[in-house]
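Colleague: I've got a model open and I'm not sure how to read it. Could you walk me through a few features, one at a time?

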Amino acid sequence: MSTDTGTASGTHPALQEEPLVAGNLSFHDITELVSRHTEKRTPLAWFGAFAIANILLLTLLVCIAYLFWNGTGVWGLNNPVGWGYAIVNFVFWVGIGHAGTLISAILFLFRQQWRTAINRSAEAMTLFAVMCALIFPGIHVGRVWAAYWMLPIPNQMEMWPQFKSPLLWDVFAVSVYFTVSLVFWYVGLVPDLATLRDRATKKLRRRVLGFFSMGWTGANRHWRNYEKAYLLLAALATPLVLSVHSVVSFDFAVSIVPGWHTTIFPPYFVAGAIFSGFAMVVTLLVIARKVYGIEDIITISHLEKMNIIILLTGTMVGFAYITEFFIAWYSGVQYEVFAFKNRAFGPYAWAYWTMMSCNLIFPQLFWIKRLRRSIPFMFVLSILVNIGMWFERFVITVTSLHRDYLPSSWDYYTPTAIDVLTFVGSFGLFFTMFLLFLRFVPMVAISEVKAVLPEADPHFYGHGDGQTGAHPPTLTPTVD
Amino acid sequence: MIELPILDAARGQSNTPVESTDPQAPKFWRSVGELEGDPSLAALASKEFLPGAMDAPDGTSRRQFIQLMGASMALAGLTGCRKPYEKILPYARKPEEVVEGIAMHYATAMPFRGSLSALLVESHEGRPTKVEGNPEHPISRGASGVFEQASILNLYDPDRSAHVLEGGADSDWGSFVAAVSAIPTTARVGVLIEENSSPTIAALRQRVAERFGNLKWVSYNSVGENTQEAGYASAFGRAVRPQFNFSQARVVVSLDADFLAATDVNFVRNTREFAEGRSVDDHTPLRHYVFEPTYSTTGGMADHRARVKPSEVALVAAALASRLGVGGAPPAAAPSGSAAGLVEAAAADLRSAGANGVVVAGDTQPAEVHAICAAINSMLGAVGNTVTLFDTAGVEMARRDSVADLVDDVKSGQTDVLVMIGVNPAYDLAGDSDLLTALEGLGTTIHVGQHVDETATLSSWHVPQTHYLESWGDGRAYDGTLSVVQPLIAPLYSDCKSAIEVLSALAMDGGTTGYDQVLRTWESVLPGNVAQGWRRVLHDGYLPDSGFSTLTNVGVTGPLRLPASSGAGASGLEVQIRLDTRLLDGSFANNAWLQETPELATKIVWDNVAVMNRATAEQIGVTNTLKAGKYYADEVRLSLDGRAVTLPAWIAPGIADDTIILSTGHGRSIVGTREKRRKIFFDLDEYTDIYGAGPIANGVGKNVAALRSASFSNQLSGVAAEAVPARYHIVTTQDHGALDLPSLQAEIESREPVRMATLSAYQNHEAHFEHAPLAGATEPWDEYPALWEDRHPSREEFFKDNPYYENQWGMTIDLNTCTGCNACSVACQAENNIQVVGKEEVGHGREMSWIRLDRYFVTEGRDIDEAMMVVQPLPCQHCENAPCESVCPVAATVHSPDGTNQMIYNRCIGTRYCANNCPYKVRRFNFYNWTKTLPTSVQMAQNPNVTVRFRGVMEKCSYCIQRVRKVNIQANLEDRSIRDGEVVTACQQACPANAITFGDISDPTSAIAAKKESDRRYELLEELSVKPRTSYLGRIQNPNPSLA
């Protein structure tokens, strides 16, 4: 009963476009391709990667313990430069945590169906990146044991936080973003968890998955409620994507430090966040799709689309960099002019030009179609973009502070080994979480991918049997 | 609302079977009694156990007991979660005059370089914590310098010697007295005593001389002698001491003079007088010409300055003398370079100023130069006007010759017993290896000093000397006014003895106490009723009208000569050794506050360097490199006649060519006696523990005395300098990461942190100190709308209802009179418990000073070596629209109703956002727990009225809020308003130039309100619209119009 879709489709609109899923996969194939990685025996390579990630995580924990015991002085901060690696890392991780929700929420609302292949892992990445980010504001304060005073907890002193402080807005913005992202991600997971539950052969696994799939049966009513909830959450998450990094940018923009006090920051930060987030998604998925053999689901076309977004947002960020220079000159404020001259030609010029080349210049190569479809190229470039974006935050934070108004207080900031190891260690947390995700959670939204197959179109009659997709399964079911 | 079901009272309390109303219901019963409804049975059944089985016979049940015990255990255990506490023992018998929490103030005086600084010392429950100048004293007038301010920490120095040592081993005072008594009266005894003005010591000298027929008594000054007095004495042919009245002066010429540095004996009065002379508010300011080899404090206050090699200063003096037609002026070659032109202008100006001109030379210049200056001043008619001559006949002064004579005796074995009191010749004369060997080989050497120092380790006996706050003494201020040095505390270590007590033992005075000795002297000094007069002197701190008599009709009799060294180094390298402006001659080297006080011109802390200009450095082949914000200085080896010292080379502007400037006081080696601090293995806090490695003075810098021979010569020519392939990390508090300063100079100058104008521009109202608003702006800066302004607390009613709202505090700092002497900074450190962080942490940019002295060079197109140096003290500006306040997430920095920006330490969580947003960068963060490693004795120096900050909190200048509140309380008790001038901040109180004014700006009659009206007033960074409460008054330069 194999039907030649090529000839039979002819006029069907769903088949006139480039298919989102390659390799002529059936519904079952997709289930199989994704689910089996959570069901098979854990490969040794996973354990190897997990061990490395754990060592890094341990490094993070040791660095934090050292910091807590001795004080903020273990970092390279000094008097004019009160914020260094910790804040740079915070903004860096929050920025990375932008791609996921953007992909799942905004692209969902815009009916960008290609998002289905990557939204699950991108959202997971978002959550883990925000977890990494949340560490830093907590540990960077001088008296960590009192950090909870930033939260509006009723107390006998009747002391509230100071609501004018952008740091406080940060607390709310990032925690709301994390909560909503987590709920959104989990809601999207429910049908897939039910799929895993139904495939589970062991009782405990079935129980656990059964608990988390919340009694999902695939009933029509479930689907209807689910899709309504998903749509609402997408609508709720969409403004958060824009707000969270705008609020993070207020940390700088609301201050009076030359180089920080810039009204362009909110859109510029959001563009930069999407830029770095997509780069991180590309970095991770280029590896994951290869290792897990899901190249048919996450196709080169998916990656190309992300690269186009990288090109777009990179150019926006670059435009912002140049605008800042123009405005500094146009404002006629000598402190502003100096702050930007000092960025480009001062002692941190190396950081500035790293940022400029990684964020503005290199991504321009994505204008070339061959390059944006080249796996090795995009892998290298996506890493360069994140290096560039880390340096962007470094440039903003450090170069503005180290030479501000009064020349007498100018100084130079050098990170210590603890600074660097804490940052490296935060990748340990990120990868530990991401590896656990790859092992235990379907890394692709099975139900959503199925929904964008041509066969899922209710009007696809005549092109299949309406049951199992256009083709018989090409993969044999795994035997446990 | 949840409603709980109401329990049936009867059912809840009784176990009696419920009577069924239904007669048909089956009825079960257990006994006949139950069936019959026996009430006693029902009572029994209500309890599970029989009576006595459950309840304890008395009132407390087992349950109650367990409950109480559990609760008290829990409560007791909870306290274990807190920090360990210590019991504070109240006075069992309260001393009559002490009120706990209210400080007492006593007048006393600090012996300083042969003179006495009159002080008023604050004492908390018997513990002195803060030193101020004696406001009644004619010299001090309440002001003080860095050494007076920091001397309180010397009292609590953890490395003070505590025990009498004999041959390095512990001994005791009794054995010492026995040993001293056993010295035969025929012994050849040498006494080398710190130059002092004490009548009691002079009296004791007689008694010691009575005992030993063969006594050589030598006063000792660590720089050899006071060359100024020596020069004036030779010029006038009698012992005189000049005092300069700069307030009367129109023209001042300084020849390598640093009379505005705290090292000067009459520093406080000089600074006050100079500030008055420079004031533009009520008269035409003086004009100041400076000829000097390096930037000194005085040089920073110049209207015209020329760089002159140390040996050429004499030529300048001679040229001035000959231009002015001073009789007997020695013929001399004209000084080289730019100095020649300036000499002409200065001479012409001096001539026209006449009696209102004055020429002053510095300690570093030989007596001959001072003699020429004396002749010039005399010829100008300045004596009696700008120069007061005190008749110091009979005052024992240190003389280079007599020290050399005694040193020769020691070397040649002509001395049997050498007593060294309060001196450290082994350090000051470290270049004289013969002396060091001879000292060690001498039979009996007795050292009396506060440390087991270089000399103590060579001596057979060491007696720990008391601090001046621990012992009785006396002496004369610069003008001769007599004071009693009154102790405020018993010696911290029982073995400590004062010089008077040691001399008394030496004279075998039968164990007379220091108090009795001093009183005995004063019985003959005090006029009238001795008991009354004594109490009066102790209360006032000085004996009025006891000063030296002044001389008016004296003529120059002595010959005027050029010193042998003059011009000798006209070609070739010259080295000048100067007294360090922070560590003095090393006697303040173990003082952490001063080690961390930046040197004025170089801003270096915790080191001494060989300072030279760029041209000299290039000749020698040394550079300073900047790597990752840290300075690395090439080391330079200076050698002369086989003696050598190697130290880092430092390139600075404004130094004379071919000249290297060294400073004393560093490179000490003090033997520490402290036990090592116990710590647990996971305490990684060595880097915060500046006291951890023993005496802090050790290992800091190099002793430059090693370069010179037996003499105290401070100008060395023919020194060979060679670059050493070694780099040394130098730590400064300014210019980090700005070695490329020349390229940034234009940017820095255009920011105009220090605003200046010439006198003519100012008088013609052409000078504008306030920045004009941006072109096109219609409103002035202070009307710019500010973020959150509408929600500013000062707009709220509760704010205005607060009684503190009555006063609105503000400050002005007069940059025209501020000399940059650092007194404010150290005073603030002492008052506000500001911690010292050590070289490493200053290098990380973590110094804690609340008021820092920003130093800028102004080139205005001139060569960098001809740059002008200006200084700007920078405390918290207490902005009305404080940018720090709005960014703090926990409201830890807030505005007070009296208009100050306050830091709430126990609310601060340390986000450092406020510091980032402070445009003045005056906020200081406690990166570590700086106080954790403080030795107990240093903890005693802390001011109990100021919180000691813990790690992780921000701190900054509070406008001395503790002093404000003290006055608030007093005014409230007396039911009155605060009077103008009643609140004095620590920096203001110390400032000898009266450059700082503090007060209530809402009171139109206050001094501060008048200052704020000045047309020189400006606010730093006013264009940010932060509305600082601290204003600056611009500096007025008075250049010679003929040189313009």
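Colleague: Let's start with chain B. Among contacts between residues at least 6 apart in sequence, what percentage join residues at least 24 apart?

Modeller: Keep in mind that this is a predicted model. In chain B, 76% of those contacts join residues at least 24 apart in sequence. The chain holds 31 helices and 39 strands, and 54% of its 1044 residues count as buried.

Colleague: How is chain B divided into domains?

Modeller: The assignment gives five entries, and one of them comes in two pieces: domain 1 (9-45), domain 2 (159-224 + 398-517), domain 3 (227-391), domain 4 (574-730) and domain 5 (741-1043). Take domain 3 and domain 5 of chain B, whose centres are 34 Å apart over C-alpha atoms. Each of these two domains puts 23 residues into their contact.

Colleague: Which element gives the most to the domain 3 side of that contact?

Modeller: That's α9(B), with six residues. Elements supplying at least two residues each are α9 (267-278), β11 (304-307) and α11 (338-353) of chain B. By class, this side of domain 3 has 11 nonpolar, six polar and six charged residues.

Colleague: Now a helix. Which residues of α29(B) are buried, and which are exposed on the other side?

Modeller: Start with the general idea. An α-helix has 3.6 residues a turn, so residues three or four places apart point the same way. Now the case here: helix α29 of chain B covers residues 961-973, and B:I961, B:R963 and B:V964 are buried. These three are on the same side of α29(B) because they cover an arc of only 160° around the axis. On the other side, B:I969, B:Q970 and B:L973 are exposed.

Colleague: What do the buried residues pack against, and how far does the helix reach?

Modeller: The buried residues of α29(B) pack against β29 (809-814) and β33 (901-903) of chain B. From first C-alpha to last, the 13 residues of α29(B) reach 18 Å, close to the 18 Å expected at 1.5 Å a residue. Just after α29(B) there's B:D975, with a positive phi of about 55°.

Colleague: β29 caught my eye. In what order do the strands of its sheet run?

Modeller: To read a sheet, go across it strand by strand. The order here is β36-β29-β38-β37 in chain B, an open sheet of four strands with mixed pairing. At the edges are β36 (996-1000) and β37 (1017-1018), each of which pairs on one side only. Two bridges link β37(B) to β38(B), residues 1030-1033, and this pair runs antiparallel. Within β38(B), B:Y1032 is the bridge partner of B:Y1018.

Colleague: Over to chain A. Why does A:M389 count as buried?

Modeller: For burial, count neighbours: 20 or more C-beta atoms within 10 Å is the cut-off. A:M389 counts as buried because it has 26 C-beta neighbours inside 10 Å. This methionine is in helix α16 of chain A, residues 375-402. Beyond its neighbours within four places in sequence, A:M389 is in contact with A:F92, A:G95, A:G272, A:F275, A:S276 and A:N359.

Colleague: Last one. How many residues of each chain are in contact where A and B meet?

Modeller: Look at both sides: 42 residues of chain A are in contact with 49 of chain B. On the chain A side, α8(A) has the largest share, three residues. That side is made up of 22 nonpolar, 16 polar and four charged residues.

Definitions and conventions. Residues are numbered from 1 along each chain as its sequence is written. Chains are lettered from A and ligands numbered from 1 in the order in which they are written. This is a predicted model: local features need pLDDT of at least 70, side-chain atom pairs count only at pLDDT 80 or more; totals for chains, interfaces and linings use all residues. Two strands pair if DSSP finds at least two bridges between them. Two residues are in contact if their C-beta atoms, placed from the backbone, lie within 7 Å. Ala, Val, Leu, Ile, Met, Phe, Trp, Tyr, Cys and Pro count as nonpolar, Asp, Glu, Lys and Arg as charged, and the others, Gly among them, as polar. The expected span of a helix is 1.5 Å times one less than its number of residues. A residue is buried if 20 or more other C-beta atoms lie within 10 Å of its own, exposed if 12 or fewer, and partly exposed in between; C-beta atoms are placed from the backbone. The arc is that of the directions from the helix axis to the C-beta atoms. Domain bounds come from an automatic or database domain assignment.
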